[in-house]
Structures are given as C-alpha cells and as structure tokens.
Amino acid sequence: MIKVKNVTKFFDDFKVLSDISLAIPKGVIYGLVGPNGAGKTTIINHINGVLKPDEGEILINGEMVYENEKLKQKVLNISDDWFYFSTFTIRQMANFYRDIYPDFSCERYEKLKDIFNIDEKKQIRKLSKGMKKQVAFWLSLSAMPDVLILDEPLDGLDPVMRKQVLSLLIADVSDRELTVLVSSHNLRELEDICDWVGIIHNGHLIMEKPLDDLKGSVFKYQVAFREDKDDAIDNIEGVLNVSKIGSVYNIIIRGDGDKTDEIIQSLSPILCERISLTLEEVFIYELGGLGYDFKNIII
C-alpha cells in the first residue's frame, strides 16, 4: 500500500503540489493522469524517495520512504531517461543490480533473457532507445520489487514488445501482488492495463477511483427529439457538455446510469443511445469543467 498524505511541495515560491493525498492499494496497476505540468513527475519523485515533501508524508507499507534505504531496495523506478553506467554491458548492469537489490533473482534474469532476446554482452549505450527500455524492464523485474514506478514506460517499444511487457507486468501483479504506478500521456494505453486511476490538475487531486467506477460514472447520450429541448437539457443535474448536430444531441452527463436513463427518457426522446466513455473522454470532460482548454479537441 502506498499512501500520499496531504503532501504539499514548493519549488522556490511556486506551489507544485497542493495538499495531495493518494491511496494506492497493494497488487494493482494505478494510472496517474494529468496534463503537462500537473505535478505527476513531482509526485513520482516523492514516492520513490528522491524528493522530501514540504508538508505531509509518503508511506509505503506503513514506512516513511524518504531516506529509508531498506525500503528503497523494494521500490524501483523506470523513467523515460533510465540511468545506467555508460560503459556497462547488460550483464555488468545486472551484477550491479544484484549487489544493490537483495531480492534480485538470477533465475528470473535468465528466464527474461529468453523473452527480451538481447545480447547481454552488448554495452547498453550502443542499444536503440527501445532496446534500452527493454533492458530497464528486464533488470527491474529481475530485482523482484514490491513497487514499480513507471514514467512514460512504453515509449520507444514496438507494438509486439509493448504487449509482452504489459503481460509481464500483469502477471507479476497477479502472482506476487506487485504494485505498479504508471504515469503516461497515452490514455488508451492506461485504459488497457490500469485497475485504478487518479486525475491531477494544477497540483491538485481531482479524483481517484477504480477505473471501472470512473468510466461507469460518466456517460454519453446520443438523443433525438421531435422538438427543441435545449432548456430542459440545460436544467439536468450533472451535465458536463452538450453539443447538437441537426436534431441529434450529444449529452455528456455524470451520475448513476439507471437514474440518468430515467432523466433522459422523461424528455420523451424518439431516439436514445447510451455510450460508455473511454478514459480519454472522461479525462477531457472532467478537466474541461475546470477551465482546461479543449475547444480544439473533437470527440
């Protein structure tokens, strides 16, 4: 379990995080979603113990993470700019990981070698970006962490390798309750793998829910009426967005699906279809209500 409790962080006079609290259950894949500059990477750098909060605390399995060397041996981070020693081969880097992480499994390393199929005698700096990312997963999963933090994790991987890496992550979550925190701009990618989602904006947590609950609380209705219903639709509680093409309304509404069905049906539509939104659409409409500019985005 990861707990971020009332964390505030300043960089000089600029407040990057404002009283943020997160609760990430053990054995899930948690997606952290937000626009550029929202504070995602800053949160990640607190959870992996790089940054100390100005206010609040970060706990992993009940222990403070900052300057906790033993706990950090169970927390690994793969960033878009993964660190390695420039002259090291894959095997040399594996030996380094084995010295740093006491749970490093040589057996797991050998099994993953067959999956990633990269010559372990090659210097990492001579590999392509995608191959370097594969090595990062190879070594990190061999270290058998309790928590794996991923910042834009699949950038540079081809589609086949993306599926392979995701399969490995999902298997570890299921088999040994690995907790994975993922920050990515690719919302469709997160939608395929995440159990929980937290949305942040301008350093504030907007919402945090299981993915199914988040997607199941916002709906799109495509509705047609015999007459104009603009005023009636404007008065519906929970409406996030309304657009109209000809006689067909597209209504985005937050609420219980059965209740929103009743409300829409009470307006006597001649055509009505309810469509569950994608994570990308939920993200757009939730932040759109906070003044985030999506006027050029067509759903």
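**Figure 1. Overview: contacts across the chain in a predicted model.** Residues 24 or more positions apart account for 66% of the contacts in the protein chain with a separation of 6 or more. Please keep in mind throughout these legends that the model is predicted. The protein chain holds 11 helices and 14 strands. Its C-alpha trace spans about 75 × 45 × 35 Å along the principal axes. Of the 299 residues in the protein chain, 48% count as buried. The close-ups that follow take us to some of these places.

**Figure 2. Helices α3 and α4 cross at roughly 150°.** Let us begin with a pair of helices: α3 covers residues 90-100 and α4 covers residues 106-116. Their axes come within 11 Å. With angles over 145 degrees counting as roughly antiparallel, the crossing makes α3 roughly antiparallel to α4. As for handedness, the crossing of α3 and α4 is right-handed. Where the two helices meet, α3 contributes I90, R91, A94 and R98, while α4 contributes C106, Y109 and E110.

**Figure 3. Helix α4 has a buried side and a face turned away from it.** Staying with α4, look for its buried residues: R108, Y109, L112 and F116. These four residues cover an arc of only 100° around the axis, so they lie on the same side of α4. Y109 is worth finding again here, as this buried residue is also one of those that meet α3. The partners against which the buried residues of α4 pack are α3, α5 (129-142) and α6 (159-176). On the face turned away from the buried side you will find the exposed residues E107, K111 and D114. After α4 comes N117, which has a positive phi near 55°.

**Figure 4. F225 is a buried residue in the loop between β11 and α9.** Now we move to a loop. The relative accessible area of F225 is 5%, and with buried meaning under 20%, F225 falls in that class. Leaving aside neighbours within four places in sequence, F225 is in contact with I233, S247, Y249, L267, S268, P269 and I270. I270 among these partners is a good one to pick out: F225 and I270 are 45 residues apart along the chain, yet their C-alpha atoms are separated by 5.4 Å.

**Figure 5. K229 lies in the loop between β11 and α9 (230-234).** This view stays in the loop that also holds F225. Is the lysine K229 buried or exposed? K229 is buried, with a relative accessible area of 17%. Its contacts, leaving aside neighbours within four places in sequence, are with Y249 and L267. Both names will be familiar from the previous view, where Y249 and L267 appear among the contacts of F225.

**Figure 6. Helix α10 turns exposed residues away from its buried side.** Our final stop is α10, made up of residues 257-265. Within this helix, G257, T260 and I264 are buried. They cover an arc of only 65° around the axis, which puts them on the same side of α10. Strands help to cover these buried residues, including β11 (218-224), β13 (248-254) and β14 (271-276). The face turned away from the buried side carries D258, K259 and E262, which are exposed. At the start of the helix, look for D256: one of its side-chain oxygens reaches to within 3.1 Å of the backbone nitrogen of D258.

Key
Residues numbered from 1 in each chain as written. Predicted model: local features only at pLDDT ≥ 70, side-chain atom pairs only at ≥ 80, totals over all residues. Heavy atoms only, no water. Buried < 20%, exposed > 50% of the residue type's maximum accessible area, 1.4 Å probe, protein only. Arc of directions from axis to C-beta. Contact = heavy atoms within 4.5 Å. Polar contact = N/O pair within 3.5 Å; in protein donor to acceptor, adjacent residues only side chain to side chain. Axes fitted to C-alpha atoms, helices over the stretch in contact; angles between N-to-C directions. Parallel < 35°, antiparallel > 145°, perpendicular 65-115°, else oblique. Left-handed = near helix turned anticlockwise from the far one by under 90°.
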